[in-house]
Amino acid sequence: MRNAFLQLVLLALLLFGLGAAPALAAVACDLNNPERDVPRLFPESTSYKTSYVSIPKLGGTPLLRRIESRLGVQYLPLYAPIDVPYTLYEVYRDKKKIGYIHGVNQKGQFGGIQVFMSQDLTGRVKTFYLQKITGSAASKFREAKFAKKFEGLTLRDFDSYDPVRGKGTGRVAEIANPSPELETDFYGILRGLKKNLILMDEFVFAPERGKP
Amino acid sequence: MITPFQVAYKNLLRKKVRSLLTLVGILLSTWVLVSLFGFNRGYEAALNRDIDNMGYQLMVMAKGCPYEAATLMLQGGKGLRYMDQSMVDEITRQPGVDRVTPILMQAFFDPNKGDSGGIAGFYGVDAGSYPAMKPFLRFRKGGWFHDNAANEVVMGYEAAELEQREVGDMTMVPEKNVPLKVVGILERTGSQDDGTIFVPLKTLQRISQTNQITTIGIKVKKDADMEKLENTLYQLKDVQVVSFSQVKQTVMKLIATARVMVLSIAIVAVLIAMVGVVNTVLMSVLERKQEIGILKTMGAMPGDIFRLVWTETLILCSLGGVAGIGFALVFARVTDLLARSVLPYAPSGGLVAIDLRLSLLTLAIIVSVGLLSGLYPAWKAGRIRPLESIRGE
């Protein structure tokens, strides 16, 4: 009884300490207002849970190198160190998990682009949301009809398309740039989406499959 | 040979849960007390740091609410009034003024920020005088603008991080759609400068279609009479003067009420903890009446019994106090975060500064108050009559 009480006190203090830690550190990309944004990305959701994942905890430098190799670029996050925690939103309908929301920062033509996407439990893109983008014609990228073109995409769709060079075939290649004067932003969004898909694959789906 | 200290320690271990709960009470009250002392010191130091980082001691701005203006200047924002740039020359002529720098703050609406748009702030500074006011600013890469009308920006570290900009990249002034080139990115300073985008004054005036400014920063000569200078500046038409000593006093007044409330809570917490100490030790004395009686029949004097029971109080308060200080140190960042979430203005940098001196002071307070609380149970134990207590059982 006494031991159980002591364990309970220690556990409460430990959870308090650990729970507060991620909120203090710099975070890669957060939703500005999750209470509003999660239901917009997942209209059927009733709740969500926020967790933080980081490359050092999940595999360290070998994982970073693998992600960079899959992305085809070095220096995964501009400015952010390797231990920057990534915010992962697990979305629920009642008690059943129905999907994930994850976001990344991406360099754009005139400023940072914050690319968020929602995925179902198989990793398929439901929709995506640009929380921030800069430029006079940037609003075209935030239109619903542009986001709709990404519905149902998976990581496999990027196998035949390279968003770094902007070359390839398949579904991604068929998506037209709605704002040709902001070409850097268009490819930045595609790169952000691929980065999101790769990170989610490494953080969530690969461990679920039991192999990288 | 067993020492009185060991006897007292073993006595406390006889009722582990009761002793533990008393310890937790002391721990919590110490935690609150040392965190509050640390906050008192840390907040003022952080505010002083913020003010020093401004680079100037006086600010002149168009008439309005000085408190709002001061907070806006420290945090950045919009809604300030404008004044004529000729005021710079008028102020420069005043005796006691070492250097001045004109500033224009502007905010533009960015429709592509967040769900329904947001504000992007720009800080127009004079390429000649502003860098001289802040010689401590260091560049991560690049440098200051090439001239006062160049289409260039210098970004604070966090602004560059948010905008994912590097030297040579372009950025855009929303609403006006004017592209500007990033020529410098500052090292992290831990101050408001980290989130600031600096633009040459004339460039920002051109973009905003104004030839006015919002603020003048004044560096005062070392031997100048600050009060006299402030009074002289007050005589200037349609402007108000904000000295950072005033800003500091105002902000400290704003948080004074909160400090008094938290101090009251801390005192109540300490009192509750000490009632717990009295209860624990007194219970222990009453339960050991027979033992104490036997000790006395064997030759123990009232003073020996008093010291034995008082040592139990000393052990409880010392252990609880040390643990409380440990928790305050470990969770200082959490306390910092909580304080930031409730304060009207929180300066950058750590708000809770706990050092060895503060820790020892708190420990001394807790142990002293604890020993005072332990007087009654110890006195009661010392007065136990041996024969009565043995017969009573």
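Start by selecting Val100(B) and Ile218(B): Val100(B) has Ile218(B), in β9(B), as its bridge partner. As you look around, keep in mind that this is a predicted model.

**Stop 1: the strands around β2(B)**

Widen the selection to β2 (residues 97-110) and β9 (residues 215-220) of chain B. These two strands run antiparallel and are joined by six bridges. Now add strand β3 (residues 118-125) of chain B, which also pairs with β2(B) in the antiparallel sense, here over eight bridges. To see one of the pairs, pick Phe109(B) and look across to β3(B), where Ile119(B) is its bridge partner.

**Stop 2: two loop residues**

Next, select Gln209(B), which sits in the loop between α7 (201-208) and β9 of chain B. This residue is not a glycine, yet its phi is positive, at about 55°. Is Gln209(B) buried or exposed? It counts as exposed, because there are 7 C-beta neighbours inside 10 Å, and the cut-off for exposed is 12 or fewer.

Move on to Asp238(B), in the loop between α8 (226-234) and β10 (239-243) of chain B. Asp238(B) is not a glycine either, and its phi is positive at about 60°. Because Asp238(B) has 10 C-beta neighbours inside 10 Å, this residue counts as exposed.

**Stop 3: a pair of helices in chain B**

Show helix α11 (residues 302-330) and helix α14 (residues 375-382) of chain B. Their axes are 8 Å apart, and the two helices pack at an angle of about 145°. The crossing of α11(B) and α14(B) is right-handed.

Which residues of α11(B) and α14(B) make the contact? On the α11(B) side, select Pro302(B), Gly303(B), Ile305(B), Phe306(B), Val309(B) and Trp310(B). From α14(B), add Pro377(B), Ala378(B), Trp379(B), Ala381(B) and Gly382(B). Colour this contact by class and you will find nine nonpolar residues, two polar and no charged.

**Stop 4: where chain B touches chain A**

Now bring both chains into view. Here 22 residues of chain B are in contact with 26 residues of chain A. On the chain B side, the elements that give two or more residues are α2 (16-54), α6 (157-163), β6 (170-173) and α12 (332-342). Which element of chain B gives the most to the side that touches chain A? That is α6(B), with four residues. By class, this side of chain B has eleven nonpolar, five polar and six charged residues.

**Stop 5: the sheet of chain A**

Finish in chain A by selecting its strands β1 to β5. They form an open sheet of five strands in the order β1-β2-β3-β4-β5, with antiparallel pairing. At the edges lie β1 (47-53) and β5 (125-132) of chain A, each pairing on one side only. Neighbouring strands of this sheet are turned by 25° against each other on average, direction ignored.

Within the sheet, look at strand β3 (residues 96-107) and strand β4 (residues 112-119) of chain A, an antiparallel pair with eight bridges. Pick Gln106(A) there, and you can find its bridge partner Ile113(A) in β4(A).

Two helices complete the view. Helix α2 (residues 34-41) of chain A lies across β1, β2 (86-93), β3, β4 and β5 of chain A, and runs at about 60° to β2(A). Helix α7 (residues 183-209) of chain A also packs on the sheet and touches β1, β2, β3, β4 and β5 of chain A. The direction of α7(A) makes about 135° with that of β3(A).

Key. Residues numbered from 1 in each chain as written. Chains lettered and ligands numbered in written order. Predicted model: local features only at pLDDT ≥ 70, side-chain atom pairs only at ≥ 80, totals over all residues. Pairing = 2+ DSSP bridges. Contact = placed C-beta atoms within 7 Å. Nonpolar A, V, L, I, M, F, W, Y, C, P; charged D, E, K, R; others polar. Axes fitted to C-alpha atoms, helices over the stretch in contact; angles between N-to-C directions. Left-handed = near helix turned anticlockwise from the far one by under 90°. Buried ≥ 20, exposed ≤ 12 C-beta atoms within 10 Å, placed from the backbone.
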